[in-house]
Amino acid sequence: MTEKKIELEGIDPREFYGAANANLSHISSLYPKLRLVARGSAIKVIGEKKETEAFSERFEALLKYYSKYGHISPEVIDRMLRDGKNGEPPVEGIEDIILYGNNGNVIRARTANQKKLVKEYDTKDLLFAIGPAGSGKTYTAIALAVRALKNKEVKRIILTRPAVEAGEKLGFLPGDMKEKLDPYLQPLYDALNDMIPAAKLAKFVEEGVVQIAPLAYMRGRTLDNAFVILDEAQNTTLPQIKMFLTRMGKNAKFIVTGDITQIDLPRPSDSGLTRALELVRPIKGISAIMFDKSDIVRHPLVKEIVEVFDKYAAKLLRESEQRRAADQIPGKPAKITHNEK
């Protein structure tokens, strides 16, 4: 029997071993002939010499991976200890990982435009992400915000959206101001709950590190050292979106997301998103990523639903243009209105 001691230098053993030693248990299950004894920042490996050496070699590579990325998952452990090679692990798409969420979930840029948004973030302070429902605009933006907070690039995250009803009259909502507004902001909470443990998120909200508020609450503020996301921007008027964009302070990152096919304003023509984008897009330091149906990452049916509604909207537009052209034919009698009769 051979005994070997491996030190976890510069690594927090609690993080590496996982909650309730889940990672360590998974590692042990892959090498049932070995006995692993963890004592603080050291692991003692006991077993036959050949297997002990093979394990040690791959385990050292796993430690290098953890030191570089600050995280391991069951998938990474399997590939490196059971199937992997020395050095950099053969994990596909590692460059697309944005961060690791709760329970070790990998949150990555999955589509071409999501990857473009992540790339543009590195060089731009103001980004527009425009596209259909389910294309991951908001989720990717929030993932970038959480990563920036974890990396201490910003001191706070501010998420906002206009409190506009989506074609429904919700009526009276009971409770204090937060309870009245939470239904409008729930999609933002849902994304954050995937990325930050519930207790920690509650503490962040209490301390103001994470702020989720309706757009009206942004007026008069200067947002320094913050990652700010305006969601559902298609439901803002031009003055509102101007007000939001001019909140940008020092060391701030702004992302504006919206879907111009889902305007919930009483008069859709009041939406200022498209016009604002046209006005500011030529400014250096601003970029716009136009998502499309190919970016939809929800249930496969969502892509087809979006497509049929887009076709229907295009049909209505064509019919409207044909009627307008017909009304302008020279010599055609003008329509008599009710008041002229």
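In what order do the three strands of the open sheet stand, and is the pairing parallel or antiparallel? The order is β1-β3-β2, and the pairing is antiparallel. Strands here are DSSP runs of E with at least two residues, while helices are runs of H or I with at least four; both are numbered from the N terminus. Two strands pair if DSSP finds at least two bridges between them.

This is a predicted model, in which local features need pLDDT of at least 70, side-chain atom pairs count only at pLDDT 80 or more, and totals for chains, interfaces and linings use all residues. Residues are numbered from 1 along each chain as its sequence is written, and side-chain values use heavy atoms, with hydrogens and water left out.

**The open sheet**

Start at the edges. The edge strands are β1 (2-7) and β2 (35-39), and each pairs on one side only. On average, neighbouring strands of this sheet are turned by 20° against each other, direction ignored. Such angles run from 0 to 180 degrees between N-to-C directions, with axes as lines fitted to C-alpha atoms. Strands of a sheet pair through backbone hydrogen bonds, either parallel or antiparallel. Between β1 and β3 (residues 42-47) there are six bridges, and the two strands run antiparallel. Ile6 stands opposite Ile43 in β3.

**The whole chain**

Now step back. The chain has eleven helices and eleven strands. Of its 341 residues, 44% are buried. Buried means under 20% relative accessible area, exposed means over 50%, and partly exposed lies in between (1.4 Å probe, protein chains only). The accessible surface of the chain comes to about 19,900 Å². Carbon and sulfur atoms hold 53% of that surface. Areas come from the Shrake-Rupley method with a 1.4 Å probe; for residues, only the protein chains shown count as cover.

Contacts tell another part of the story. A contact means heavy atoms within 4.5 Å. Among contacts between residues at least 6 apart in sequence, 70% join residues at least 24 apart.

**Helix α9**

Which residues of helix α9 (residues 238-245) are buried? They are Ile241, Met243, Phe244 and Leu245. The buried residues of α9 pack against β6 (126-130), β7 (156-161), β9 (226-230), β10 (253-258) and α10.

**Salt bridges**

A salt bridge is a side-chain nitrogen of Lys or Arg within 4 Å of a carboxyl oxygen of Asp or Glu. By this rule the count comes to nine. The table includes three of them.

| Pair | Closest N to O |
|---|---|
| Glu7 and Lys5 | 3.7 Å |
| Glu120 and Lys124 | 3.4 Å |
| Arg275 and Glu278 | 3.2 Å |

Look at where these partners sit. Glu7 is partly exposed at 37% relative accessible area, and Lys5 is exposed at 57%. Glu120 is buried at 17%, and Lys124 is buried at 19%. Arg275 is partly exposed at 44%. Arg275 and Glu278 are three residues apart in helix α10 (residues 273-280), so about one helical turn separates them. Elsewhere, salt bridges that share partners join Arg161, Asp231 and Glu232 into one network.

**A nonpolar patch**

Which residues make the nonpolar surface patch of about 410 Å²? Leu301, Ile305, Val308 and Phe309 do. Patches are made of residues with over 30% relative accessible area and no salt bridge; like charges are joined within 9 Å, and nonpolar side chains (Val, Leu, Ile, Met, Phe, Trp, Tyr) within 5 Å. Ile305 is found in helix α11 (residues 300-327). Ile305 is partly exposed, with a relative accessible area of 45%.
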